[in-house]
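Got your viewer open and a hand on the selection tool? Let's take a walk through this one, stop by stop.

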Amino acid sequence: MLFLLGRRLFNRGTHVKTAMTATQPYCSSVISGRQHVNGVDLYYEQTGRGKHAVLLLPGALGSSRTDFGPQLKSLNKELFTIVGWDPRGYGRSRPPDRDFPPDFFERDAKDAVDLMKMLGFGKFSLLGWSDGGITALIAAARNPDLINKMVVWGSNAFVSQDDLKLYSMVRDVSKWSARMRQPMEEVYGAEVFARTWEGWVDGIAQFAQRPEGSICMELLPLISCPTLIIHGEKDPMVPSFHPQYLLKHIKKSRLHLMPEGKHNLHLRYAEEFNKLVEDFLEE
């Protein structure tokens, strides 16, 4: 049931510190800090020293630590400089509390790009999971000169009636098992997690009121970077018509199917996923 996590169901200015292996076992040397971006302090983690910069974009209520441990640990640090971030109101980028205005994906996309600019990256690639994939699609469409390549999985450009049914089924976290709730309750506490999750369900559902349920459909033709779409064929949260739609409307895209993959395929099949991503980014 870890698939739900990510969808989820699974200080002012800048300060930087070096975190050692004992506290962050997924990599031998990681820099973490907060950068003041668009009025909020965004938490980020950075590892590797490669010329190719890569930003990891987490899912709903997600963070770099909860969503990308195997990528921060094992992506090639000689080839890549890897940055994970916690979007505003998520993880360690609090305060503020998370809210979900109609433009929350656009806001996240601007925050993500501006964070990378402030960290000194002139051009970079995007790895976006679930909601983070939606954010990546918008960022790539809005900033074609900045984005090198993009990988998205578990993501959608619109909200269908089928999607609404899936979201409503998981809205009440009190109906989840304790094991499913635990990772998010450790980050947020039980009350804040429940409230924020309900806010996300309502926030994503509001797109169904738009023409064709569009989140970012009209932006897809503006994406010019090479794009790898990965889809787990057993993903219970993202029907297969979503990656097919992305493939059709993003001009330099390709689709890779993982027959046993679920929503959290990058965690469950991390070695296969990481190799797929490294090969694509290095082409």
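Which residues in H4 are buried? Select the helix and you'll find Asp 131, Gly 132, Gly 133, Ile 134, Thr 135, Ala 136, Leu 137, Ile 138, Ala 139, Ala 140 and Ala 141 on that list. One thing to keep in mind as we go: this is a predicted model.

**Stop 1: helix H4**

Stay on H4 for a moment. Of its 12 residues, 11 are buried, so you can think of this helix as mostly covered. To see what does the covering, show strand E4 (52–57), H3, E6, E7, H7 and helix H8 (241–249), which are among the elements packed over its buried residues. Put a distance between the first and last C-alpha of H4 and you should get 17 Å, close to the 16 Å expected at 1.5 Å a residue.

**Stop 2: strand E7 and its partners**

Next, select strand E7, residues 147–153. Six of its seven residues are buried, so the strand is largely enclosed by the rest of the structure. Follow the chain from E6 through helix H4 (residues 131–142) to E7, and you trace a right-handed β-α-β crossover.

Now add strand E6 (residues 124–129). E6 and E7 run parallel and are joined by five bridges. For a landmark, pick Leu 127, which stands opposite Val 151 in E7.

E7 has another partner to show: strand E8 (residues 227–232), paired with E7 in the parallel sense over four bridges. Here, click Val 152 and look across to Ile 229 in E8, which stands opposite. While you're flipping through side chains, remember that in a regular strand they alternate between the two faces of the sheet.

**Stop 3: Leu 255 and Leu 276**

Leu 255 is in strand E9 (residues 253–258). Buried or partly exposed? At 22% relative accessibility, Leu 255 counts as partly exposed, because the buried label needs a value under 20%. Leaving aside neighbours within four places in sequence, Leu 255 is in contact with Ile 229, His 231, Pro 243, Gln 244 and Leu 247. Add Ile 230 to the view too: Leu 255 and Ile 230 are 25 residues apart in sequence, with their C-alphas 5.8 Å apart in space.

Keep Ile 230 selected and bring in Leu 276, in helix H10 (residues 270–282). Leu 276 and Ile 230 are 46 residues apart in sequence and 9.5 Å apart in space, C-alpha to C-alpha. What does Leu 276 touch, not counting residues up to four places away in sequence? Leu 228, Ile 230 and His 256.

**Stop 4: the aromatic rings**

Color the aromatics. A search of the whole structure turns up 12 aromatic pairs.

Zoom in on Phe 104 and Phe 207. Their ring centres are 5.8 Å apart and their planes sit at 55°, so this pair is tilted. Phe 104 lies in helix H3 (residues 104–118) and Phe 207 in the loop between helix H7 (190–205) and E8, so the pair ties together parts that are 103 residues apart in sequence. Both rings belong to buried residues: Phe 104 has a relative accessible area of 0%, and Phe 207 has 2%.

Then hop to Trp 176 and Phe 193, an edge-to-face pair with 5.5 Å centre to centre and 65° between the planes. Trp 176 lies in the loop between helix H5 (161–169) and helix H6 (178–188), while Phe 193 is in helix H7, so this pair links parts 17 residues apart in sequence. Trp 176 is buried at 7% relative accessible area, and Phe 193 is buried at 0%.

Don't stop at the two of them, though. Select Tyr 167, Trp 176, Phe 193, Trp 197 and Trp 200 together, and you have a cluster linked by ring pairs.

**Stop 5: Thr 196**

Still in helix H7, click Thr 196. Thr 196 is buried, with a relative accessible area of 9%. Show what surrounds it: apart from neighbours within four places in sequence, Thr 196 is in contact with Leu 61, Arg 98 and Phe 100.

**Last stop: arginines over rings**

Finish with two Arg–Tyr pairs. The charged end of Arg 92 sits over the ring of Tyr 43, 5.4 Å from its centre. Then jump to Arg 268, whose charged end sits over the ring of Tyr 269, 4.8 Å from its centre.

Methods
Residues numbered from 1 in each chain as written. Predicted model: local features only at pLDDT ≥ 70, side-chain atom pairs only at ≥ 80, totals over all residues. Heavy atoms only, no water. Buried < 20%, exposed > 50% of the residue type's maximum accessible area, 1.4 Å probe, protein only. Helix = DSSP H or I, 4+ residues; strand = E, 2+ residues; numbered from the N terminus. Pairing = 2+ DSSP bridges. Right-handed = clockwise from strand over helix to strand, strands pointing away. Phe/Tyr/Trp six-rings, centres within 6.5 Å; stacked < 30°, edge-to-face > 60°. Lys NZ or Arg CZ within 6 Å of the ring centre and 35° of its normal. Contact = heavy atoms within 4.5 Å. Expected span 1.5 Å × (residues − 1).
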